[in-house]
Amino acid sequence: MSGKNSSGANDPVWLERDDLLGKSTTPGYPPLAEDTSTDVLVVGGGIAGLHIAYELLCAGTKRVMLVEDGKIGSGETGRTTGHLSVDNEYNEFLNIHGAEMTAQIASAQQAAIERIATIVKKHDIDCDFVRIPGYMFHGLPPTDRDYEVDTLHEVYDAAKGTKQLAMSFVPDAGLSGFDTGKAIRYENQATFHPTKYVRALADVVSQMGGQIYEQTRLMQYSEEKGGVKATMQDGKQVTAQAIVLATNVPEQKLIMIDRLEAYRTYAVALKIPSGDVSTRDESGALWWDLADPYHYVRVTPHSEPGYSLLVVGGEDEKVGQHGDYAERYQRLEAWTRERWPAAQEVSYRWSGQVMDSQDGIAYIGLNPGTKNVYVHTGNNGDGLTYAAIGGMILTDLINGRNHEWAATFSPSRQHSPSHVKRALKVIPHMVKENLADQIYYARWATACTKTMSDIEDLVPGSGDVVRDGLSPVAVYKDDHGQVHKMTAVCPHLKGIVAWNDDEKTFDCPVHGSRFTCKGEVVNGPAKGPLEAK
């Protein structure tokens, strides 16, 4: 898991036609072996980090180094559903950001899809890239649609008003399996195989002269005159003119970490005869609804001829604050079977982690209060398109040029006097979410009734958090019955972790740090493990 192939125990659908991810433990790239220097150090070997490295090299940056604490694509990129879409509620963007910035958001996201299409074609990348339309529909039964149809019209009017998107309002979402009602049709969307894409892009970056190191975890960095010094887990040091943190979950020194919320999102892939996913669009489509909880749907080929995999995601939750993992998968499956009765067994089910910003768009740019530290985070479930946006913006900023979207996505945007009105609009949501974190943070001592004696009741292959006096202890019983004990206090900001029985990790509800069943770091911002007891 951590440092190897995946950030969770459940295999994503992309294993269906990919026998490398999750099965090979041999790194494709070596770990960093000695102290060195570079022009730009990119941290994170997912789609964001690779796009940033690629664009820097395209722009002529001579020395670009990328470090990844696991394997290329082993983080959250491979745990997405591979949608490349502009599936935003533009009415909310219009209320929060205003017309000009909403137009820039729409322009950037469509440009991201076009940029990925260009890269695929230029480098002949085999990643199942397909151009298709996308449909947004309300998701409610006919008797309850009036409100959502009004909302759908608001989304359409706001999106159409940007003048950046090819779109239309249509009678339905083009599915013969069920009545979706009215829908918004977005042209020029796409799907692809995300792990094939990122590994191919890594090869391109390497061939262009970029240095890639796997199994190399950044531990700390400091700004020095004219640049940055970064220290890795084994003490190796890298000096660079600039550093880019593209790790989805931000590093400890990210100033706006309290402006991010960590969520788990869930997905299932059901085997279905290809002819039973009938659409009016020959190449297929993307679908997403406005329900609460919402759903997003796509189709991908199955290894068995005549069958496809119907991929459905949704059921998002705050990290570490729920334990109903099985029920969330069951609800996704039930929702799918109701609409596609021909669906057969669930072939895959998995979850991924997304970081939400306070105002619905990513933070891309200079980390506030620094001179040479750039960040890419807060992707709000649109990390695949924001990766391409980030590559374009950050390349210009690092090379001393302005970018037309830079102010819109700037991590400093909520501190600017010109954005006071926008900041006020998100304060109620921010207060609600932060209060929920603090309540969860404080209630553990009174809510946890399990003690060390309850370890005997653990089933092999499971874990829990118990009390040892007043101290919280994370315990895991392996398949051989051996019990592993660790502190349950997250080393980041002392939150109490919770056991995730689905992905077999200990997750912190405060800022989203995650640890393996034996305490190793899976996701930051925590740097060190849960200490053994």
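In this predicted model, proline 491 sits in the loop that runs between strand 20 and strand 21 (498-500). With a relative accessibility of 27%, proline 491 falls into the partly exposed class, because buried would require under 20% and exposed over 50%. Setting aside residues up to four places away in sequence, proline 491 touches Phe515, Ala526, Gly528, Pro529 and Leu530. One of these, glycine 528, is 37 residues away along the chain, yet its C-alpha atom and that of proline 491 are separated by just 6.6 Å.

Strand 20, at one end of that loop, belongs to an open sheet of 3 strands, ordered 18-19-20 and paired antiparallel. Strand 18 (462-468) and strand 20 (483-487) are the edge strands; each has a single partner, so one side of each has no neighbour in the sheet. On average, and with direction ignored, neighbouring strands here are turned by 25° against each other. Strand 18 meets strand 19 (residues 471-477) over 7 bridges, again in the antiparallel sense. Within that pairing, aspartate 464 has valine 475 of strand 19 as its bridge partner.

Another run of antiparallel pairing involves strands 12, 13 and 14. Strand 12 (residues 286-289) and strand 13 are joined by 2 bridges, and tryptophan 288 stands opposite tyrosine 296 of strand 13. The link between strand 12 and strand 13 is a hairpin that passes through 5 residues. Moving on along the chain, strand 13 pairs with strand 14 (residues 307-318) over 7 bridges, one of which puts threonine 300 across from leucine 309 in strand 14. This second hairpin also has 5 residues between its strands, and glycine 306 in the turn takes a positive phi of about 90°. As for its surroundings, strand 13 (residues 295-301) has 5 of its 7 residues buried, so the rest of the structure largely encloses it.

Turning to the nonpolar interior, the largest core holds 72 residues, and the members that touch the most others are Leu50, Tyr90, Tyr186, Tyr197, Ile389 and Phe409. Helix 2 (residues 90-122) is the top contributor to this core, supplying 10 residues. A second core, separate from it, has 23 residues, among them Phe137, Val170, Ala285 and Leu310. Back in the largest core, isoleucine 389 makes a handy close-up: beyond its neighbours within four places in sequence, it is in contact with Ala108, Gln109, Ala112, Ile364, Trp405 and Phe409.

What about the cysteines? The disulfide count comes to 0. Cysteine 58 is partly exposed, at 37% relative accessibility, whereas cysteine 517 is buried, with a relative accessible area of 14%.

Zooming out, the protein has 8 helices and 24 strands. Of its 533 residues, 59% count as buried. The exposed surface adds up to about 21,100 Å², and carbon and sulfur atoms account for 49% of that area. Among contacts between residues at least 6 apart in sequence, 69% link residues at least 24 apart.

Note on methods: Residues are numbered from 1 along each chain as its sequence is written. This is a predicted model: local features need pLDDT of at least 70, side-chain atom pairs count only at pLDDT 80 or more; totals for chains, interfaces and linings use all residues. Side-chain values use heavy atoms; hydrogens and water are left out. A nonpolar core is a set of buried Ala, Val, Leu, Ile, Met, Phe, Trp, Tyr and Cys residues joined through side-chain atoms within 4.5 Å. Buried means under 20% relative accessible area, exposed over 50%, partly exposed in between (1.4 Å probe, protein chains only). Helices (H or I, at least four residues) and strands (E, at least two) are DSSP runs, numbered from the N terminus. Contact means heavy atoms within 4.5 Å. A disulfide is a pair of cysteine sulfur atoms within 2.5 Å. Accessible areas come from the Shrake-Rupley method with a 1.4 Å probe; for residues, only the protein chains shown count as cover. Two strands pair if DSSP finds at least two bridges between them. Axes are lines fitted to C-alpha atoms, for helices over the stretch in contact, and angles run from 0 to 180 degrees between N-to-C directions.
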